[in-house]
Amino acid sequence: MFASALETQFARDVRAGLTQLEQKTLPCRYLYDNIGSALFEAITFLPEYGLTRADARVIEAHADDLLDTLASDLMIAELGSGSGAKTRTILERARLRQDVVYYPIDVSATALARCAQDLRSLCRVHPLEMSYLDGLREVASRRAPGQRMLVLFLGSTIGNFEPDAAIEFVDSVRQSLAPGDALLLGTDLVKPTARLLDAYDDPTGVTAAFNLNLLGRINRELDGDFDLRQFAHVIRYHEEAQRIEMHLRSRVYQIVSIRKADLIVDFAAGETICTEACHKFYLEQVETMAGAAGFRLEQQWVDEEWGFAENLLVCP
Ligand code: AVI
């Protein structure tokens, strides 16, 4: 038996998720170790996964409109360490107008270091290795008189929250903000099912590898003995819930031991572990979510080619 004080949060979460009776689950945040993050980056280049390119297109087309809407003395914080085209475009356009200070917030030191290296030629970068909400409070405490804050939450990561949790999270973000501050929220829109199934079950198998790596991570970090070949990547679309789910389906009856989570767990043949839910939105639903979280929806810029919206939420 492992002393609980020595047990990691990862071990506790894995044990809690894999001992659920109805549906075994694993929290999707654990998909992103170094291998998972590299695989996710590869996903963003897949022809079938248009989300990231759509996000970048909307920002490229509307970064100036966004900055026109906001006050000129801005501090820019990002939830997640953006290093790609999207954040770069916003910082490049912003620095033509003012001296920009950028605060990427992430729990991953590796991701932050990469982000700082990629973007420091554009502006002053102050990486904050913290949870999103702690990081935002820290940024708010550094605000100079008269400064406004723009928070970026791009890429439709909000879709990986359950709907109630998404409202709660956006509300918590607002609580760190002051009137006139803004949140730029990326949301992937509802689109034809076939397109979604292709995006999350690409023929190259990159998303399958991204999903299976979670079991690999449990083996590496928690001394598990998952046989990855005995699980299959499976996608389900729930039309009513507007949600794609990623699962790992056991190909056979099997027993798995995860020593550092003090767990022995069995899987029936065909039983699945749900590893991620990706919610898709209608534009009106984003407005409702913004209102429920105490924001005013100021603008929605849409990429029609893929079906993606950047939503500008302003703190009243
Ligand atoms: C990070 N997040 C917005 C991605 C999504 O589309 O929900 C994660 C992902 N999972 C499989 N492919 C991409």
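Which atom of the ligand does a polar side-chain atom of Glu-276 lie 2.6 Å from? In this predicted model, the partner of that Glu-276 atom is a nitrogen atom of the ligand. Taken alone the ligand exposes 340 Å², and the protein buries 96% of that area.

The elements that contribute two or more residues to the shell around the ligand are helix H2 (34-43), helix H9 (206-222) and strand S12 (272-279). Among the 15 residues that surround the ligand, those that come nearest are Tyr-49, Gly-155, Asn-160, Tyr-200 and Glu-276. Two of these names return in further contacts with the ligand: a polar side-chain atom of Asn-160 is found 2.9 Å from a nitrogen atom of the ligand, while an N or O atom in the side chain of Tyr-200 is 2.5 Å from an oxygen atom of the ligand. Sorted by class, the shell consists of 9 nonpolar, 5 polar and 1 charged residues.

The two helices named above can also be followed to where they meet one another. The axes of H2 and H9 come within 9 Å and cross at roughly 175°, and because angles over 145 degrees count as roughly antiparallel, H2 and H9 are roughly antiparallel to each other. On the H2 side the contact is made by Ile-35, Gly-36, Leu-39, Phe-40, Ala-42 and Ile-43, which meet Val-206, Thr-207, Ala-209, Phe-210, Asn-213 and Arg-220 in H9. The residues of this contact between H2 and H9 divide into 8 nonpolar, 3 polar and 1 charged.

Note on methods:
Residues numbered from 1 in each chain as written. Predicted model: local features only at pLDDT ≥ 70, side-chain atom pairs only at ≥ 80, totals over all residues. Heavy atoms only, no water. Near = heavy atom within 4 Å. Polar contact = N/O pair within 3.5 Å; in protein donor to acceptor, adjacent residues only side chain to side chain. Areas by Shrake-Rupley, 256 points an atom, 1.4 Å probe, with all protein chains shown as cover. Helix = DSSP H or I, 4+ residues; strand = E, 2+ residues; numbered from the N terminus. Nonpolar A, V, L, I, M, F, W, Y, C, P; charged D, E, K, R; others polar. Axes fitted to C-alpha atoms, helices over the stretch in contact; angles between N-to-C directions. Parallel < 35°, antiparallel > 145°, perpendicular 65-115°, else oblique. Contact = heavy atoms within 4.5 Å.
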